[in-house]
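Here is my note on the side-chain packing and pairing in this model. Please read it with the structure open.

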Amino acid sequence: MAVTIPRAAVDFLTEEINGISADAQARVLEVLRGIQWTPENVAQCRDLVIQALAAVMPTYTTMAAQASADFYDAARELAVGERLGAQAISDFDMRKTEGAVRGFVRFVLDGRVDTFNDQVLQRIDYEMKRSANMSVVENGRRDPKSVRYARVPTGAETCDFCLMLASRGFVYQSESTASASHVHSHCDCRVTPGWDGMEVEDYDPRSIYDRWQDAIDAKAKERAERNGTTASEERAAIMAAYGRAAKNAKRAGRKSA
């Protein structure tokens, strides 16, 4: 008999993660608003931003990871009758965030401080979502019970690539974290663990697949009209791009593992 994870439980997890992200962003935004950039102090100001992130990110990514760990245990108890004792495993690497910030400084050099600030805040959101995803996958590696994952959309809008991943259902395994490694800011997809017979309320991979195909058709038609080509040609190009992106996500997942 199928065991169903209530949609409200998945939505609550999304609300938790978004709240954690918003709080982390607010703390760093206070620092960003207090910085007065000049051509002479770019390196100093950049280091202030990195210091603020280093003070905030480890705690908040752990909080996001803990929210997913709690969800993992609740889902496992529902499915197999006992909790794993899931841990908050964020896989956060401050060196990568620091490298991203150093890249964002190019916007300051172009006089676009607001863009720099926005990119920093988006990076915070990205890391919260990634930490939540990776916590599920890393706990799955510790689980003696065989577990697979689905990528479950929860927000009002879902990007086309997320739709493609979500349309596959509970097929992802901890050995390949492709579903978890695709992350972007403002993403409300949840990497959800599943054991034999597990379902998620209102999660229908078939209908998500149809939405994804409709989105591809619309994009192909728009590109054909713009480029003077045919919709079938553009559709083939789009699908080839998806294939490359999926391979890159899978490669990134294996590298992370």
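1. Ring pairs, the rule. Two rings of Phe, Tyr or Trp (its six-membered ring) count as a pair when their centres lie within 6.5 Å. Planes over 60 degrees apart make the pair edge-to-face. This is a predicted model. By that rule the structure holds 4 aromatic pairs.

2. Tyrosine 72 and tryptophan 195. These two rings form an edge-to-face pair, 5.3 Å centre to centre with 80° between the planes. Tyrosine 72 sits in helix H2 (residues 42-80). Tryptophan 195 sits in the loop between strand S3 (189-194) and strand S4 (198-200). The partners are 123 residues apart in sequence, so the pair ties together separate parts of the chain. Both tyrosine 72 and tryptophan 195 are buried.

3. Tyrosine 209 and tryptophan 212. Here the ring centres are 5.7 Å apart and the planes meet at 70°, so this pair is edge-to-face as well. Both residues belong to helix H7 (residues 205-227). They are 3 residues apart, so about one helical turn separates them. Are the two partners buried or exposed? Tyrosine 209 is partly exposed, at 30% relative accessibility. Tryptophan 212 is buried, at 7%.

4. Nonpolar cores. In soluble globular proteins, nonpolar side chains tend to be buried together. In this model the largest nonpolar core has 36 residues. Ile5, Tyr72 and Tyr242 have the most contacts inside that core. Tyrosine 72 therefore appears both here and in the ring pair with tryptophan 195. Beyond its neighbours within four places in sequence, tyrosine 242 touches Asp160, Phe161, Met164, Trp212, Ile216 and Lys219. Another core, of 28 residues, lies apart from the largest one. Its members include Ile20, Leu32, Phe92 and Val105.

5. Salt bridges near the start of the chain and beyond. Side chains of opposite charge can pair when their charged atoms come close. The count here is 16 salt bridges. One of them joins aspartate 11 to arginine 7, with the closest N and O atoms 3.8 Å apart. Both lie in helix H1 (residues 7-34), 4 residues apart, so about one helical turn separates them. Aspartate 11 is partly exposed, with a relative accessible area of 25%. Arginine 7 is buried, at 14%. Aspartate 93 and arginine 95 form another salt bridge, at 3.1 Å between the closest N and O atoms. Arginine 95 is exposed, at 67% relative accessibility.

6. A salt-bridge network. Lysine 129 forms a salt bridge with aspartate 188; their closest N and O atoms are 4.0 Å apart. This pair links distant parts of the chain, 59 residues apart. Lysine 129 is in helix H4 (residues 113-142), and aspartate 188 is in the loop between helix H6 (178-181) and S3. Lysine 129 and aspartate 188 are both buried. Through shared partners, Asp125, Lys129 and Asp188 join into one network.

7. Threonine 154. This residue is in the loop between strand S2 (148-153) and helix H5 (160-166). What does its side chain reach? Its side chain makes a polar contact with the side chain of threonine 14, at 2.9 Å. The threonine 154 side chain also reaches the backbone oxygen of aspartate 188, at 2.3 Å. Leaving out neighbours within four places in sequence, threonine 154 is in contact with Arg7, Val10, Asp11, Thr14, Asp188 and Arg190. Arg7 and Asp11 in that list are the salt-bridge partners in helix H1.

8. Serine 135. Serine 135 lies in helix H4. At 0% relative accessibility, serine 135 is buried. Its side chain reaches the backbone oxygen of alanine 65 at 2.9 Å. Outside four places in sequence, the contacts of serine 135 are Ala65, Ser68, Ala69, Gln87, Ala88 and Ile89.

9. Cysteines. The structure holds 0 disulfides. Why is cysteine 162 not bonded to cysteine 159? Their sulfurs are 3.3 Å apart, too far for a bond, because a disulfide needs the sulfur atoms within 2.5 Å. Cysteine 162 is in turn the closest cysteine to cysteine 187, at 3.9 Å between sulfurs, again too far for a bond. Cysteine 162 is buried, at 0% relative accessibility. Cysteine 187 is buried too, at 4%.

Definitions and conventions:
Residues are numbered from 1 along each chain as its sequence is written. Side-chain values use heavy atoms; hydrogens and water are left out. Rings of Phe, Tyr and Trp (its six-membered ring) pair if their centres lie within 6.5 Å; planes under 30 degrees apart count as stacked, over 60 as edge-to-face and the rest as tilted. Helices (H or I, at least four residues) and strands (E, at least two) are DSSP runs, numbered from the N terminus. Buried means under 20% relative accessible area, exposed over 50%, partly exposed in between (1.4 Å probe, protein chains only). A nonpolar core is a set of buried Ala, Val, Leu, Ile, Met, Phe, Trp, Tyr and Cys residues joined through side-chain atoms within 4.5 Å. Contact means heavy atoms within 4.5 Å. A salt bridge is a side-chain nitrogen of Lys or Arg within 4 Å of a carboxyl oxygen of Asp or Glu. A polar contact is a pair of N or O atoms within 3.5 Å; within protein, one must be able to donate a hydrogen and the other to accept it, and residues adjacent in sequence count only if both atoms are side-chain atoms.
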